[in-house]
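Reader: Please show me the chain, and then let me ask on what grounds its parts are named as they are.

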Amino acid sequence: MHRFLSTDRLFKRTARQAGACLGLVAGLCASAWAGPHEHGVVHMTLAIEGPIVQLALRAPQESLLGYERAPREGTEKQQADKLIEQLRVAESVIQWNAQAQCKASSASVSAPGLQGKTQAGGHVDIEAQYRFECAQVAQLRSAQVSLFELSRRISRVQVQVAGPQGQSQSTLRRNRREFQIGK
Ligand SMILES: [Zn+2]
């Protein structure tokens, strides 16, 4: 299962760092993948270890729904429910190159702002975590961030990847939604 581990020390180190962060669940290793809460900007962290890919994302609630408070009954509530449902479908967030044969095995979404909880300054994030299993992980080359489709308010997605080929970062925009893995 961990065929990279014995041969690639860099991978061991980066995967352990990223995996440890993702393992903290709710906290999501805030220091490692922090960036300021900036409206329009979503942060994604990916950790690739063996056939498993873990993805964590953090988005200002404003950038997904247009407000950072509990939704009002009616249209706002319906739209918020729909958004959470969409976020629970991994394919509406990210699509891997088909050759890698990655399938989502779990997804979880945390949106405290929808219950009226906010952070200091009145801001609040929506966070989500996904786990994928890739039958042909050696073929994993690229991914397309489909999250942009969920909200026009997202202008940028900052992606950090830790995997067998080390760490990399990409900045994605509405007109550039794909990033390479391991380059
Ligand atoms: Zn905010």
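The exchange below goes through the terms one by one.

Author: This is a predicted model, in which local features need pLDDT of at least 70, side-chain atom pairs count only at pLDDT 80 or more, and totals for chains, interfaces and linings use all residues. Residues are numbered from 1 along each chain as its sequence is written.

Reader: What makes a stretch of the protein chain count as a helix or a strand?

Author: Both are DSSP runs, numbered from the N terminus: H or I over at least four residues for a helix, E over at least two for a strand. By that rule the protein chain has three helices and nine strands, in the pattern α-β-β-α-α-β-β-β-β-β-β-β along the sequence.

Reader: Why is Ala-98 called exposed?

Author: A residue is exposed if 12 or fewer other C-beta atoms lie within 10 Å of its own, buried if 20 or more do, and partly exposed in between, with C-beta atoms placed from the backbone. Ala-98 has 9 C-beta neighbours inside 10 Å, and therefore counts as exposed. Ala-98 sits in the loop between β3 (94-96) and β4 (102-110). Its C-alpha is 9.3 Å from that of Ser-142, although the two are 44 residues apart in sequence.

Reader: What makes strand β2 "mostly covered"?

Author: Eight of the nine residues in β2 (residues 52-60) are buried. For the protein chain, buried residues make up 36% of the 183 residues.

Reader: How do you know that β2 pairs with strand β1 and with strand β5?

Author: Two strands pair if DSSP finds at least two bridges between them. Seven bridges join β1 (residues 41-49) to β2, and nine join β2 to β5 (residues 125-134), so both meet the threshold of at least two. The β1 and β2 strands run antiparallel, as do β2 and β5. Glu-49 stands opposite Ile-52 in β2, while Pro-60 has Asp-125 in β5 as its bridge partner. In the hairpin of β1 and β2, with two residues between the strands, Gly-50 takes a positive phi near 60 degrees.

Reader: What makes β3 and β9 edge strands?

Author: The open sheet of three strands has the order β3-β6-β9, with antiparallel pairing. β3 and β9 (178-180) each pair on one side only, and are its edge strands. The twist averages 25 degrees from one strand to the next, where axes are lines fitted to C-alpha atoms (for helices over the stretch in contact) and angles run from 0 to 180 degrees between N-to-C directions. Three bridges join β3 to β6 (residues 142-145), and Trp-96 has Ala-143 in β6 as its bridge partner.
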